[in-house]
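Subject: Structure handover

Hello,

Here is the structure we spoke about, together with its sequence. My notes on what turned up in it follow below.

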Amino acid sequence: MLGFFRDIRPLSLLDSLPRFGLYRKEESNSGGIGFKRAQKEILLQQQQRSFFFTSHYLLLRARTMSVTKAVSSLDNVAVKSPNDRRLYRVIELENGLSALLIHDPDIYLDGGDQIDEDYEDGEEEVEDGDESYEEDEVKEKEDHQTKKAAAAMCVAMGSFLDPPEAQGLAHFLEHMLFMGSTEFPDENEYDSYLSKHGGSSNAYTEMEHTCYHFEVKKEFLQGALKRFSQFFVAPLMKTEAMERELLAVDSEFNQVLQSDACRLQQFQCYTSTKGHPINRFAWGNKKSLNGAMENGVDLRECIVKLYKEYYHGGLMKLVVIGGEPLDLLESWVVELFGDVKNGSKIRPTLEAKGSIWEGGKLYRLEAVTDVHILNLTWTLPPLRHAYMKKPEDYLSHLLGHEGRGSLHSFLKVKGWITSLSAGVGDDGKSRSSLAYVFDMSLHLTDSGLEKINEIIGYIYQYIKLLRDASPQEWIFKELQDIGNMDFRYAEEQAADDYAVELSENMLDYPVEHVICGDYVYQTWDPKIIEDLMGFFTPKNMRIDVVSKPVKSEEFKTEPWFGSRYVEEDVPLSLMETWSNPSEVDTSLHLPSKNQFIPCDFSIRAINSDADPKSQSPPKCIIDEPLMKFWYKLDETFKVPRANTYFHINLKGAYDSVKNCLLTELFINLLKDELNEIIYQASIAKLETSLSVYGDKLELKVYGFNEKIPALLSKILAIAKSFMPSLDRFKVIKENMERGFRNTNMKPLNHSTYLRLQLLCKRFYDSDEKLSVLNDLSLTDLNSFIPEVRSQIYIEALCHGNLSEDEAVNISNIFKTSLTVKPLPAKCRHGQQITCFPLNAKLVRDVTVKDKSQTNSVVELYYQIEPEETQSTRMKAMLDLFNEIIGEPLFNQLRTKEQLGYVVRCGPRLTYRVYGFFFCVQSSEYGPVHLLGRIENFIKDIETLLEQLDEESFEDYRSGMIATLLEKDPSLLSETDELWSQIVDKRYMFDYSQKEAEELRSIEKNDVIKWYKTYFRESSPKCRRLVVRVWGCNTNMKETQADTKSVQVIADPVAFKSTSQFYPSLC
């Protein structure tokens, strides 16, 4: 995957989260170059704990140590939080490979009993080393909640090293390493092994590095490392596999072909200075790679040469996280990675003559969606050496601020923008060894699109303000304090994410700072900030305007995405005006001191070492007509954080499409009004989320707990009396209209939307919403607001570092702030789900909304049954079934048949009605062919299950159990699990444990019987819905041949008018 895309999870090109909320995440499902994990959320340790092992371990180590040795081994060199209980060791092998080994005591909670008893008797080691754990001991330990093991390898080479004649080669190489090795020649051996043992993998190619990573059930780390290590020792890279995997690279590119974010990124690369390393097409596709072969390039020879030249120990950084002692982890790494080729530690040097872009240019790029984006870019010198000072973060904090006096607030009041983000992204284009790139991205209103020159003028006024005010030490001190507290009390993330983060950091930071480098603000240096501000000039600025359409007949075309654009010279007089603003508007000023930075970090839990098994579930502390409050004191993570979640039913909010829209308008305007307060709190790591689902307003306030009551009080005080102004009503209404026009532009989202449209009894279509919204006025809204606020019902969860009295106090804030009547249960909306008739074979066909979208999607949905009260058996069966068939589906339809980049399946729980889906997206094949291949695979599942040996079945089952019992990595993760039980009105707070227990009683024959009941066409309970989204290069007339045996749904409303519905469960 390029940037971050190998598997089918939709991630964002702009998923670079702001340090301190300054560079804001965009919601997007695009792939692309340059993804670095979201801002570091790590739980960091308390006391180091010694780990005692028996003589079994000593005997094992003697047998597994290879001739290769680690030339250096250092413990406790990396600076870590006082709260971090993990042990760290840095080793370097003779071949130059550096490895960070992490012993996590929470992976094996009860010491050193996990080593195979066979070693004591002198028996030979199992060939693969995967069966080094007694089955009975594994089952016994599955009662504990533990975590998975993980590993990541970063290689210091990326797309900048693509040969000009084969662009995208580094990305293609990343794909090929998954296609088998000398020791494990089967193409799906690695993925199959991980799948059987509760694991998963991914990889991504950046501009200057490539990263591979996996997670796996704790006992199978060694076996996974064996397969993983061969990526870097002896990959096969067979010609026939290359031919197929080239199609996967092309499918990946086609998935982002219509993404405005990816189009802009590639456009900026294309229009950069010729010969500059950024001037390239890093994705790669069939055109660039097949084209190379057509021009006489031996692609396999090129890819092997690239591998041999750069995949050596000197450029590799490995991270391994396990529950084993550091000595054992070291012995595994030495043995398995000792055969990696030796090489120099000197990273590849890149030459860049001149600037990245020519100054004084404005580019108008035609958008796919209905957006107006102004993107300003300044090129800075590389700043990796200044990570202890972070001058770029100081400037992004001020230029991207959203509080009073900020650019965001000023331009929003003028009605010209709806959002503003500023900063140096975490992607490889933005943070390279050649230069840093500082972006400011503004989403404009229709009127803002006509005021671009004025907007840029005000931006330079603010820059003048910063220069005149000179760097402020108190602002740096605030960022320093926030960084320190966030590091000390960071929430832990999943092991594979942590491994990726640290392996990347090993490339950028000295070893002592690989954990803390992203947080630390150690040195106040006003001079470096002043020097950096010297680069914020019009001559060093690139201007991109992304909108539709391009109003010119003289447009040019970017060759890879086919984006149309116009290039303009900025008049010198305008450049001069921007360079020397005559004044600074008095509404612009520096932010005020942050009132939400906490001082109290005391921990409420008294028990110093609580057993996770003995902890109680949330308890209901208030149950009244107005509200129901659940409370749980955190005794696990012991950090000064809390998560307070609220569902607020609003009177009549979902009774009609008009009421639904008025509710959305009200909440969006309320968020707009609250933004300055909410943003200030977010900088201090106190986050707020405000969303609408049906008739429910979901409010979440979470983060450092001290200031939660103060923030809630401010939010509710405004919500109680807020009435919107006409100016803001017009802006928010326009933004909502744009959102509805952009709905379903992506085929995958469209197929999910169409399925839910047929399943949900009350579902307001986006086109209908757009039509009704057009006629709504401020008068309509002002009449509606008092009514919708007149009766409410609140259900809440307070979880974390809060005493019960503090939770009760939070409930009192609601009572005193919102003096309204309770909303009776009969007046609260409950969604009902369509009950498909027996033997249902339903089909819904729709063409893509974006008429230039080549991707087609087929989603085949099987309706199973509604959830039974207090039962987890159906969920256990669904999850186990998915665990067994997921990898074979991917291997058959993606790897072998190359139908498309997206191939997936999984359970669906729609308002507590179970289903199962299969989904393929393809730009090469039409829906009829895709459906035929999916159906063929489903028919073969019975044979697959029958041929599954008992050992493999047990692997899948124990892997699923391990996943269910995996310890929540953070307080936030645990809260989300508990909240889902409340939202679904299930209240089974030990749901995962009960499902795991249920799984132990499910045998292979049970799964086969279940499959025959719900998936075999002859079974009455086989009820299916096919949603087909037809790409622009397909012909829907192909459907005429199969309409006799199916029910085609042309009108969802008419279909539901004659349907039966399950009772509402939540």
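**Strand β11 and its two partners**

In β11, Val437 is the bridge partner of Thr379. Please keep in mind that this is a predicted model. Thr379 belongs to the stretch covered by strand β9 (residues 373-380), which pairs with β11 in the antiparallel sense over 8 bridges. Strand β10 (residues 417-424) also pairs with β11, again antiparallel, over 7 bridges. Within that second pairing, Val424 has Phe438 in β11 as its bridge partner.

How many of the 9 residues of strand β11 are buried? The count is 8, so strand β11 (residues 436-444) is largely enclosed by the rest of the structure.

**The protein overall**

The protein has 1066 residues, and 62% of them count as buried. Its secondary structure comes to 32 helices and 29 strands. Taking the contacts with a separation of 6 or more, 83% are between residues 24 or more positions apart.

You may want to know about the cysteines. The count of disulfides is 0, with a pair of cysteine sulfur atoms within 2.5 Å as the criterion. Cys262 counts as buried because its relative accessibility is 0%, under the 20% cut-off. Cys269 also has 0% relative accessibility and therefore counts as buried.

**The six-stranded sheet**

An open sheet of 6 strands runs in the order β25-β26-β24-β27-β23-β28, and its pairing is mixed. Which strands are at the edges? They are β25 (902-910) and β28 (1047-1048), each of which pairs on one side only.

At the β25 edge, β25 and β26 are antiparallel and share 9 bridges. One of the pairs puts Val902 with Gln921 in β26 as its bridge partner. The two strands form a hairpin with 2 residues between them, and Tyr911 in the turn has a positive phi of about 50°.

On to the other neighbour of β26 in this order, β24. Strand β24 (residues 856-866) and strand β26 (residues 913-922) run antiparallel and are joined by 9 bridges. Gln863 stands opposite Gly915 in β26. As background for reading the sheet, side chains in a regular strand alternate between the two faces of the sheet.

**Two helix pairs**

Helix α19 (residues 657-683) packs against helix α23 (residues 766-774) at an angle of about 75°, with the axes 10 Å apart. An angle from 65 to 115 degrees counts as roughly perpendicular, and α19 and α23 are therefore roughly perpendicular to each other. On the α19 side the contact is made by Val657, Lys658, Cys660, Leu661, Glu664 and Leu665; these meet Glu768, Lys769, Val772 and Leu773 in α23. By class, this contact has 6 nonpolar, no polar and 4 charged residues.

The other pair is helix α11 (residues 391-399) with helix α15 (residues 473-488), whose axes come within 11 Å and cross at roughly 100°. For that reason α11 and α15 are also roughly perpendicular to each other. Asp393, Tyr394, His397 and Leu398 in α11 meet Ile475, Phe476 and Leu479 in α15. Sorted by class, the contact of α11 with α15 has 5 nonpolar, 1 polar and 1 charged residues.

**Two loop residues**

Is Arg789 buried or exposed? Its relative accessible area is 17%, and because buried means under 20%, Arg789 is buried. Arg789 is found in the loop between α24 (778-788) and β20 (791-800). Not counting residues up to four places away in sequence, Arg789 touches Phe666, Ala719, Lys720, Ser721, Phe722, Met723 and Val820. Ser721 is 68 residues from Arg789 along the chain, and the C-alpha atoms of the two are separated by 9.8 Å.

Pro538 is in the loop between α17 (526-533) and β12 (541-547). With a relative accessibility of 3%, Pro538 counts as buried. Which residues does Pro538 contact, leaving aside its neighbours within four places in sequence? They are Gly360, Tyr460, Met575, Trp578 and Ser579. Pro538 and Tyr460 are 78 residues apart along the chain, with their C-alpha atoms separated by 8.7 Å.

Regards

Key: Residues are numbered from 1 along each chain as its sequence is written. This is a predicted model: local features need pLDDT of at least 70, side-chain atom pairs count only at pLDDT 80 or more; totals for chains, interfaces and linings use all residues. Side-chain values use heavy atoms; hydrogens and water are left out. Axes are lines fitted to C-alpha atoms, for helices over the stretch in contact, and angles run from 0 to 180 degrees between N-to-C directions. Helices (H or I, at least four residues) and strands (E, at least two) are DSSP runs, numbered from the N terminus. Angles under 35 degrees count as roughly parallel, over 145 as roughly antiparallel, 65 to 115 as roughly perpendicular and the rest as oblique. Contact means heavy atoms within 4.5 Å. Ala, Val, Leu, Ile, Met, Phe, Trp, Tyr, Cys and Pro count as nonpolar, Asp, Glu, Lys and Arg as charged, and the others, Gly among them, as polar. Buried means under 20% relative accessible area, exposed over 50%, partly exposed in between (1.4 Å probe, protein chains only). Two strands pair if DSSP finds at least two bridges between them.
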